[in-house]
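Open the model in your viewer and keep the selection panel at hand. The stops below say what to pick and what is there.

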Amino acid sequence: MPLLSSRGVRLPLFTLSALVFVLLFWLLQPRSEPPAQPIPDWPALEQDLLQPLAAGTLDLAALRERAPGALWLQVRPDGPRLLHRAERGGAGLTWQVQAELAATSQALSTLRGELGLERGEQRLDSAQTRRFEALAVDSLWLQAEPAPSAAAWLASVGEPRLRLQMPPAQAWVYPPRGLTAHVQDERISLIHQVPAQAMRGGGR
C-alpha cells in the first residue's frame, strides 16, 4: 500500500479545525430577541377612546357607550371634580378607565350642594348622570392588568418624542397626540390622554 503524503494528512486536519472555529464563532454570537408583539387590543382603544379625545370630540355619552361605568363626584382639597370610572376587557388584558369631565366650577358646586358632600366621593345615580352626558372629556387615564411591556408599547405606538425622568418611573411623551405613558421596571404602569391641542399649549 502506498504511503500517504504529509500533505494528504494535513489537509483534513486543517479543514476540521476550520469547521470547529466556524461552529464556535456561531455559538458565541449574541442571539437577537424576536421583535415584540403590539398590545393586542390597542387599535380598538385608540379608535374608541384615545383618538376622539385627542381630537377633542369625546363626550360622556360616547364614553359611556364604549366603556360603560359609573359617574362619581370627588371632593379634594383643591376642589371637586367629576370622574367616570369603568372597566373594559380586551384580548388578555383588563383596562381600568378613569376620565375627568370638563365641568364648570358652578356646575360642580351646585352638584356638591345637592349631594351634601363635604369630602370624599359619591356615586351619581342614573338621572344625575344623564344631566352631564353632553360634557366633554377633559382627560383620560388607562391602566392595564397585567401591565403591558415597554417593548409591546413601542411596537404599538412608536418611539416617544420626549423621555422625562420621574423617579422611580419615566414619562414617554407624544405631544402631537396628547399622549403620555408612564414606564416603570420596563412595564407601562399608566397611560394618560388629553386633547392634543391642550398638550401643544394651544388651549382647547
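Begin with Arg-163 and Glu-159, whose side chains form a salt bridge with the closest N and O atoms 2.5 Å apart. Keep in mind throughout that this is a predicted model. Colour the two residues by accessibility: Arg-163 is partly exposed at a relative accessible area of 39%, whereas Glu-159 is exposed at 56%. The exposed label follows because Glu-159, at 56%, passes the cut-off of over 50%.

**A nonpolar patch**

Next select Leu-162, Leu-164 and Met-166. These residues form a nonpolar patch on the surface, with about 250 Å² of accessible area together. Leu-162 belongs to strand S6, residues 162-166. Its relative accessible area is 38%, so Leu-162 counts as partly exposed. For orientation while looking at a strand: in a regular one, the side chains alternate between the two faces of the sheet.

**Salt bridges across the sequence**

How many salt bridges does the structure hold? There are eight. Two more of them are worth displaying.

Select Glu-46 and Arg-177. Their side chains meet in a salt bridge at 2.3 Å, N to O. This pair links distant parts of the chain: Glu-46 sits in helix H2 (residues 42-54) and Arg-177 in the loop between S7 and S8, 131 residues apart. Is Glu-46 buried or exposed? Glu-46 is buried, with a relative accessible area of 14%, while Arg-177 is partly exposed at 30%.

Then pick Arg-64 and Glu-133, a salt bridge whose closest N and O atoms are 2.5 Å apart. Arg-64 is in helix H3 (residues 60-66) and Glu-133 is in the loop between helix H5 (126-130) and strand S5 (137-145), so this pair ties together parts that are 69 residues apart in sequence. Arg-64 is partly exposed, at a relative accessible area of 26%. Glu-133 is also partly exposed, at 25%.

**The largest nonpolar core**

Hide the surface and select Trp-42, Leu-73, Leu-82, Trp-95 and Trp-153. Among the 43 residues of the largest nonpolar core, these touch the most other members. Helix H2 gives the most to this core, with five residues.

Centre the view on Trp-95 and show its contacts. Leaving aside neighbours within four places in sequence, Trp-95 is in contact with residues including Ile-39, Asp-41, Trp-42, Leu-45, Leu-142, Pro-148 and Ile-191. Charged side chains are present in this contact list too, among them Glu-87 and Arg-88.

**Strand S8 and its two partners**

Now select S8, residues 179-184. Five of the six residues of S8 are buried, so the strand is largely enclosed by the rest of the structure.

On one side, add S7, residues 169-174, which runs antiparallel to S8 and is joined to it by five bridges. As an example of the pairing, Gln-170 has Val-183 in S8 as its bridge partner. S7 and S8 form a hairpin with four residues between them.

Add S9, residues 187-193, as well: six bridges join it to S8, again antiparallel. Val-183 stands opposite Ile-188 in S9. S8 and S9 also form a hairpin, with two residues between them, and Asp-185 in the turn has a positive phi of about 55°.

Within S8, zoom in on Thr-180. Why is Thr-180 counted as buried? Its relative accessibility is 10%, and buried means under 20%. Not counting residues up to four places away in sequence, Thr-180 touches Ala-171, Trp-172, Val-173, Leu-190, Ile-191, His-192 and Met-199.

**Gly-178, the last stop**

Move back to Gly-178, in the loop between S7 and S8. In the turn of that hairpin, Gly-178 has a positive phi of about 70°. Gly-178 is buried, with a relative accessible area of 0%. Beyond residues up to four places away in sequence, Gly-178 touches His-192, Gln-193, Val-194, Ala-196 and Met-199. To finish, set a distance monitor from Gly-178 to Ser-139: the two are 39 residues apart in sequence and 9.6 Å apart in space, C-alpha to C-alpha.

Key: Residues numbered from 1 in each chain as written. Predicted model: local features only at pLDDT ≥ 70, side-chain atom pairs only at ≥ 80, totals over all residues. Heavy atoms only, no water. Buried < 20%, exposed > 50% of the residue type's maximum accessible area, 1.4 Å probe, protein only. Contact = heavy atoms within 4.5 Å. Pairing = 2+ DSSP bridges. Salt bridge = Lys/Arg side-chain N within 4 Å of Asp/Glu carboxyl O. Patch = residues over 30% accessible without salt bridge, like charges linked within 9 Å, V, L, I, M, F, W, Y side chains within 5 Å. Areas by Shrake-Rupley, 256 points an atom, 1.4 Å probe, with all protein chains shown as cover. Core = buried A, V, L, I, M, F, W, Y, C linked by side-chain atoms within 4.5 Å.
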